[in-house]
Amino acid sequence: MFPRGEDGYTININQVEPGTSNQINKMLSAMSFYAYRLIVRSTENRLLNYRQLLHQYLVDMYTKIEAERLLFIRLNQKKLRVDEYIHLKDAITNGSDPANHGKLVILPSTFTGCPRNMHKYAQDAITYVRHGRKPSLFITHTFNPNCKEMT
């Protein structure tokens, strides 16, 4: 896929100024690195021609991005102020032994798919119904482009 031997993403890549090629003292995120790789340009982007191999590449890079996000969350628990979360305090004060908990890593509600994120979305849905009205009609639409009426 990379015949010229281009480097892949590593965790400590510095950003580069576009005009002068000077390194900036900011680290490049995996998401922005792969977004740049996959952007459609006027020049040829050979990655987009690989079909199923591209799909496998995208899955691998997505898992790499998620692993980086989880590593950040695990290493920055103090910055995320997880010690203020009430559920952890409740677990310790209700007579359970803190030694049995192991190393607890709490995911923030901004992490997509975690239980706190799903709870936040459920609460939002309930708020919409409470401030608006109960939905009286739920409409779905299916479109078949090969139906006789459309052709």
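Of the 151 residues in this protein, 15% count as buried, where buried means under 20% relative accessible area, exposed over 50% and partly exposed in between (1.4 Å probe, protein chains only). What you have open is a predicted model, in which local features need pLDDT of at least 70 and side-chain atom pairs count only at pLDDT 80 or more, while totals for chains, interfaces and linings use all residues. Residues are numbered from 1 along each chain as its sequence is written, and side-chain values use heavy atoms, with hydrogens and water left out.

**The whole chain**

Start with a cartoon view. You should find four helices and two strands; here helices (H or I, at least four residues) and strands (E, at least two) are DSSP runs, numbered from the N terminus. Along the sequence the pattern reads β-β-α-α-α-α.

Now switch on the surface. Its accessible area comes to about 12,900 Å², with 57% belonging to carbon and sulfur atoms; areas come from the Shrake-Rupley method with a 1.4 Å probe, and for residues only the protein chains shown count as cover. As for contacts (heavy atoms within 4.5 Å), take those between residues at least 6 apart in sequence: 43% of them join residues at least 24 apart.

**Stop 1: Asn14 and strand E1**

Select Asn14, in strand E1. Asn14 counts as partly exposed, at 26% relative accessibility. Leaving aside residues up to four places away in sequence, Asn14 touches Gln23, Ile24, Lys26 and Met27. Add Ser29 to the selection: Asn14 and Ser29 are 15 residues apart in sequence, and their C-alpha atoms are 9.4 Å apart in space.

**Stop 2: the two sides of H1**

Next, select residues 30-38, which is helix H1. Which residues of H1 are buried? Colour Ala30, Phe33, Tyr34 and Arg37 to see them. They cover an arc of only 85° around the axis, so they sit on the same side of H1; the arc is that of the directions from the helix axis to the C-beta atoms. Turn the helix over and you get Met31 and Tyr36, which are exposed. What do the buried residues of H1 pack against? Show residues 52-75: that is helix H2, their packing partner.

**Stop 3: Arg51, between the helices**

Move to Arg51, in the loop between H1 and H2. Arg51 counts as exposed, at 63% relative accessibility. Check the backbone torsions too: phi is near 50° in Arg51, a positive value in a residue other than glycine. For context, most residues other than glycine have a negative phi.

**Stop 4: a pair within H2**

Stay with H2 and show the side chains of Glu66 and Arg69. Both residues lie in this helix, three residues apart, about one turn. An α-helix has 3.6 residues a turn, so residues three or four places apart point the same way. The two side chains meet in a salt bridge of 3.0 Å, N to O, a salt bridge being a side-chain nitrogen of Lys or Arg within 4 Å of a carboxyl oxygen of Asp or Glu. How many salt bridges does this rule give? The count comes to one. Glu66 is buried, with a relative accessible area of 16%, whereas Arg69 is partly exposed at 29%.

**Stop 5: Asn76, after H2**

Select Asn76, in the loop between H2 and helix H3 (86-93). Buried or exposed? Asn76 is buried, with a relative accessible area of 13%. Draw a distance from its side chain to the backbone oxygen of Phe72 and you should get 2.9 Å.

**Stop 6: a nonpolar patch**

Go back to the surface and pick Ile11, Leu71 and Leu75, which make a nonpolar patch of about 270 Å². Patches are made of residues with over 30% relative accessible area and no salt bridge: like charges are joined within 9 Å, nonpolar side chains (Val, Leu, Ile, Met, Phe, Trp, Tyr) within 5 Å. Ile11 comes from the segment before strand E1 (14-16), and is partly exposed, with a relative accessible area of 45%.

**Last stop: Asn117 in H4**

Finish on helix H4, residues 115-131, where you will find Asn117. Asn117 is buried, with a relative accessible area of 3%. Beyond residues up to four places away in sequence, Asn117 touches Ser109, Thr110, Phe111 and Thr112. Leu107 is 10 residues from Asn117 in sequence and 9.1 Å away in space, C-alpha to C-alpha.

Conventions
Polar contact = N/O pair within 3.5 Å; in protein donor to acceptor, adjacent residues only side chain to side chain.
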